[in-house]
Structure formats: structure tokens, C-alpha cells
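Hi everyone, thanks for coming. I'd like to walk you through one structure today, so let me put it up on the screen.

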Amino acid sequence: MLRAQTSHPLDPLSTVATVRAARATPEIRDSMRFVEMVLLEHELDITKYRMRPSLLLRTKAGPVIPSKLPPRRARLVVYNKISNETSIWIVELTEVHATTRGGYHRGRVISSQVVQNVQPPMDAVEYAECETVVKDYPPFREAMKKRGVEDMDLVMVDAWCAGYHSEADAPSRRLAKPLIFCRIESGCPLENGYARPIEGIHVLVDMQNMVVIENYAAGETRDGVDRSDIMPFQILQPEGPSFHVHGHYVEWQKWNFRIGFTPREG
């Protein structure tokens with residue numbers, strides 16, 4: 001027996017909902033990666049569902065939102081590394097009775113479509129693989145050595161999309177042009193590695209096959225020192241914040257709204 005939803009239509013997907021959405025796509029294979037998985041917001045006017053959490057019927061699982069709300073759907077962007085294809089899946093999520101399915105979400109595929117001539121964003125695995133490939137590339141290591149950097153553990157390689165400026169950059173190829181940075185000490189969690197960019201090294205990486213296909217280094221980096229004239233900066237609220245947060249529902253002075261984050265809009 002279905003029960004009332006315990007999440008607002010605009011709340012971001014929970015971890016459980018994300019897993020259920022992924023499991024609803026049986027065609028997914030090892031060569032395919034979930035690049036993006038977000039809530040598909042309804043086109044209907046759902047601003048009327050701004051209920052205060054304190055006024056909702058509560059259970060052990062939290063506030064229960066009326067079952068009249070439209071069903072929640074997830075939008076999945078999937079990349080097939082072998083075929084270099086990008087597809088978009090729409091999955092409907094249904095919350096089921098706790099005694100039958102543990103309260104998890106069951107996903108049902110609404111549609112799936114292969115999108116031609118596009119490349120999806122790079123995922124965390126590709127970022128890590130790209131960094132390893134670039135650091136192991138002999139011409140790159142030689143260029144870094146000329147700049148006084150021989151410890152590759154200090155080097156940060158940030159993969160960025162190459163863009164589409166000509167046929168050489170056509171979406172049929174999954175390309176990245178990494179930006180290079182360098183830390184002062186290895187394993188320091190408080191250090192801002194982005195404060196020290198390495199200029200003059202241009203690398204082009206084939207992300208589908210994970211190989212460096214171009215490397216160009218010009219000039220050498222000049223020595224420099226960190227600034228020492230920065231004064232301390234502190235923000236204090238002795239009496240606490242002037243806003244209240246209930247899950248994804250925020251109240252601040254005369255405003256109230258729901259907040260969420262997605263890979264595209266932030």
C-alpha cells in the first residue's frame with residue numbers, strides 16, 4: 001500500500017533515491033557511467049506546496065507531506081565509454097510501504113534516449129585517471145623538472161573540457177585540456193594548491209582512451225614568494241544565525257524558500 005510522500009517535490013534526491021534510480025536501468029553495463037543524476041523538477045506550478053514543516057503530520061520517519069503531490073522523477077545522464085555515446089534516462093520514483101521494501105524508493109524507467117554530437121561532464125573517476133596519465137607522461141615530467149618540480153605528489157592536474165572551437169574539437173572526441181597547479185608540501189589539507197598555477201604547459205588528453213595526445217611547454221616559471229601583508233579576517237555571530245533551516249526548507253526574516261543543489265545550476 002502506498003503511503004504519503006515524506007519529501008517535497010523540490011527536495012534534492014536522497015542517497016536511497018539515487019541508488020533506486022540507478023537500479024531502475026537494467027541496460028546499464030560496466031562500460032557505462034552515471035555522470036549526472038538529479039531531480040527532474042515538475043513543470044506544474046508547485047509553489048503552493050511550501051508547507052511549514054512544523055504544521056505537517058509527523059511520524060517516526062519525519063514529517064509526512066500529503067499524497068496528492070505529483071510523483072518525483074530523476075534525470076540521469078549516462079556515458080558509455082566504449083561506444084562514446086551519451087544517453088538521458090527519466091526514472092519515476094515511488095516510495096513504497098516500509099514493511100514490504102524497507103521504505104526504499106522503487107524506480108520505473110519512463111524514457112531513455114541517446115543524444116547525438118554531445119559529451120557529458122567528466123566524472124570523478126575520469127579526473128583521477130587523467131591526473132595519473134598526465135603525471136606519468138615523460139615530456140610533462142621533463143617540463144615540470146625545468147620549472148624546479150620533480151615531486152609529482154605536489155602537482156595538481158585539473159581536467160577541463162577542451163571546448164568546441166573547430167572540427168578538431170568536435171564532440172565525437174572526448175577531450176580535456178588540464179590546468180596545472182603545484183603545492184608546497186604534500187598531504188597538507190589546509191594548503192590552497194590553486195594559489196600556485198604552473199604556466200606555459202599545455203596538455204591535451206583523449207579522455208575516452210585516457211592517453212595524452214598533445215604536450216607543449218614554453219618558457220620557465222619565475223621564482224616568487226608568498227605575500228605576508230594579509231591581515232586576519234573573522235566573521236562572528238555570538239547570538240547565532242538569523243535564519244532557521246528545516247531540512248531543505250529555509251526561513252529568513254520575511255522570506256521562506258527551499259534550497260537544493262545540482263551539478264549544473266549549483
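**Helix α3 and its surroundings**

Let's start with α3, where Glu-126, Cys-130, Val-134 and Lys-135 are buried. These four sit on the same side of α3, because the arc they cover around the axis is only 160°. That fits what we know of helices in general: with 3.6 residues a turn, residues three or four places apart point the same way. Please keep in mind that this is a predicted model.

So what covers that side? The cover over the buried residues of α3 includes strands β1, β4, β7, β10 and β11, along with helix α4.

The helix itself runs from residue 124 to 135, and its twelve residues reach 17 Å from first C-alpha to last, close to the 16 Å expected. At its N-terminal end you'll find a cap from Asp-123, with a side-chain oxygen 3.2 Å from the backbone nitrogen of Val-125.

Now over to β10, one of the strands in that cover. Five of its six residues are buried, so β10 is largely enclosed by the rest of the structure. Which strands does it pair with? One is β8, antiparallel to β10 and joined to it by two bridges; here Ala-176 has Val-205 as its bridge partner. Another is β11, also antiparallel, with six bridges, and there Ile-201 is partnered by Ala-217. Four residues lie between the strands of the β10 and β11 hairpin, where Met-210 takes a positive phi near 55°.

Zooming out, the protein has four helices and 14 strands, and 36% of its 266 residues are buried. Thanks, and I'm happy to go back to any of these views!

Conventions
Residues numbered from 1 in each chain as written. Predicted model: local features only at pLDDT ≥ 70, side-chain atom pairs only at ≥ 80, totals over all residues. Heavy atoms only, no water. Buried < 20%, exposed > 50% of the residue type's maximum accessible area, 1.4 Å probe, protein only. Expected span 1.5 Å × (residues − 1). Arc of directions from axis to C-beta. Contact = heavy atoms within 4.5 Å. Polar contact = N/O pair within 3.5 Å; in protein donor to acceptor, adjacent residues only side chain to side chain. Pairing = 2+ DSSP bridges.
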